[in-house]
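Colleague: I've got a structure open here and I'd like to talk it through with you. Can you take my questions one by one?

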Amino acid sequence: MLTYIIRRILYSIPVLVATSFLIFTFVSITGDPLGRLRANPNITRAQYHAIEHSKNLDRPVIVRYGYWIHDAITKKFGTTLFGQRKIWPDLKRVMWHTVQFILSAIIISVIFGIAIGVYSALRQYSLFDYTATTLSFIGFATPVFWLALMMQVLMVQVFLKWHVRIFYTSGLSSPVNAGHGFHFFIDRVQHLALPVMALCALSIATYSRYMRASMLETLNSDYVRTARAKGLLERRVIMKHAFRNALIPLLTVVAIDFGALFAGAIVTETIFTLDGMGFYFINALSASDPYPVMAWLMVVATMVILFNLIADVLYGVFDPRIRYD
């Protein structure tokens, strides 16, 4: 197992290098980061060239890529183009906020998705199965931004009519509850509840359908019929032989989702003005600053590669037939 992990990490290095070059190249040739400075009458030609030279923007792309890699490794992605603000402290802060948000959504989605998928497979063509299938199709078809806006409107109407604060519609915390402790935890839950529910709608629909299909395939397999023929208890057959193997296809989906949701949470974080990775990305784009954008893309690419590795390792945990040589 250790040899396999080391080998996969070594394989990931050239992939990450190639990804970093593509990210830098495409972001660099898209737009003019110094366009605003050039149009500013208060900036002299000497000041413009000084800023251009300090960020190596007067050099070829391949040379600038080398400088950027050096800054990314030694200076933690360096500073922003405007204002010379360090990128990593802000990126680390918003990354932690997004991890809280996404981890909560993933855990809830996996629990409900697995439970609904397994029960639907065990009660195939029942009223519950038809209901879960219908709701999952509605979840697939419902745009996340529309669902988020409708939940915001609902919470605002509840507050205006009954003056009851159930969940907050924007931000991550209230100033009065800043810090730590139980009140801070409850306040954070109230702020994250709506965006988590908006993100869970599609995820639960996806996971429940994958789990149902995988469970049905496993229940009809030869080794499950053999286990039943041996007289094993139905509960033991389902949990040990069917459920465990049915989880394997879902692992890939969840692992990829965890990495991809760092990018996919842009809409949700923007609507709820959460100080997370997606909101950070939108602000960087609005400021026409390429360096935070490139740092954000590198973090997302690293997360996708990392969680694909975690999924491959977990295959061996859930399926004893898989061996890593």
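Colleague: Where along the chain is Y125 found?

Modeller: This is a predicted model, so keep that in mind as we go. Y125 is not part of a helix run; look for it between two of them. The spot is the loop between α5 and α6.

Colleague: What is the phi of Y125, roughly?

Modeller: Most residues other than glycine have a negative phi. Y125 isn't a glycine, yet its phi is positive. The value is about 65 degrees.

Colleague: And is Y125 buried or exposed?

Modeller: Exposed means over 50% relative accessible area. Y125 comes in at 57%, so it counts as exposed.

Colleague: Where does K76 sit, and what is its phi?

Modeller: K76 is in the loop between α4 and α5, the latter being residues 87-122. K76 is not a glycine either, but its phi is positive, at about 55 degrees.

Colleague: Let's zoom out. How many helices and strands does the chain have?

Modeller: Read along the sequence, the pattern is α after α, from start to end. The count is 13 helices and 0 strands.

Colleague: How confident is the prediction, and where is confidence lowest?

Modeller: The chain averages a pLDDT of 84, and 94% of the residues score at least 70. Helix α6 (residues 127-141) has the highest confidence, at 92. The lowest is in α2, with a mean of 72.

Colleague: Helix α8 looks odd to me. How far apart are its end C-alpha atoms?

Modeller: Helix α8 covers residues 182-219, which is 38 residues. A straight helix would reach 56 Å at 1.5 Å a residue, but α8 falls short of that. Its end C-alpha atoms are only 44 Å apart.

Colleague: At which residue of α8 does the kink lie?

Modeller: The kink is about 40 degrees. There's a proline, P195, and the kink comes shortly before it. The residue is L192.

Colleague: Which salt bridge partner does D222 have?

Modeller: Side chains of opposite charge can pair when their charged atoms come close. For D222 the gap is 2.4 Å, N to O. The two residues both lie in helix α9 (residues 222-229), 3 residues apart, about one turn of the helix. The partner is R225.

Colleague: Are D222 and R225 exposed or partly exposed?

Modeller: D222 has 56% relative accessibility, so it counts as exposed. R225 has a relative accessible area of 44%, so the label here is partly exposed.

Colleague: What about K75; which residue does it pair with?

Modeller: K75 counts as exposed, at 51% relative accessibility. Its side chain meets the other one at 3.9 Å, N to O, and a salt bridge needs the atoms within 4 Å. That other residue is partly exposed, at 24%. The name you want is D71.

Colleague: Which residues are linked in a network of salt bridges?

Modeller: The structure holds 7 salt bridges. One of them joins D90 to R85, with the closest N and O atoms 2.4 Å apart. D90 counts as buried, at 11% relative accessibility. The whole network is R85, D90, R93 and D275.

Colleague: Which residues form the nonpolar patch on the surface?

Modeller: Two helices, α1 (2-28) and α4 (61-74), each supply at least two residues of the patch. I29 is in the loop between α1 and α2 (35-39), and with a relative accessible area of 55% it is exposed. Together the members have about 650 Å² of accessible area. They are F21, L22, F26, I29, I62, V63 and Y67.

Colleague: Is A265 buried or exposed?

Modeller: A265 is in the loop between α10 (234-264) and α11 (266-271). Its C-alpha atom is 8.3 Å from that of T98, although the two are 167 residues apart along the chain. Its relative accessible area is 0%, so A265 is buried.

Colleague: Last one: how much of the chain is buried?

Modeller: Buried means under 20% relative accessible area. The chain has 325 residues, and the buried ones make up 43%.

Definitions and conventions
Residues numbered from 1 in each chain as written. Predicted model: local features only at pLDDT ≥ 70, side-chain atom pairs only at ≥ 80, totals over all residues. Heavy atoms only, no water. Patch = residues over 30% accessible without salt bridge, like charges linked within 9 Å, V, L, I, M, F, W, Y side chains within 5 Å. Areas by Shrake-Rupley, 256 points an atom, 1.4 Å probe, with all protein chains shown as cover. Helix = DSSP H or I, 4+ residues; strand = E, 2+ residues; numbered from the N terminus. Buried < 20%, exposed > 50% of the residue type's maximum accessible area, 1.4 Å probe, protein only. pLDDT = per-residue confidence, 0-100. Expected span 1.5 Å × (residues − 1). Bend = angle between axes of the 7 residues up to and from the residue.
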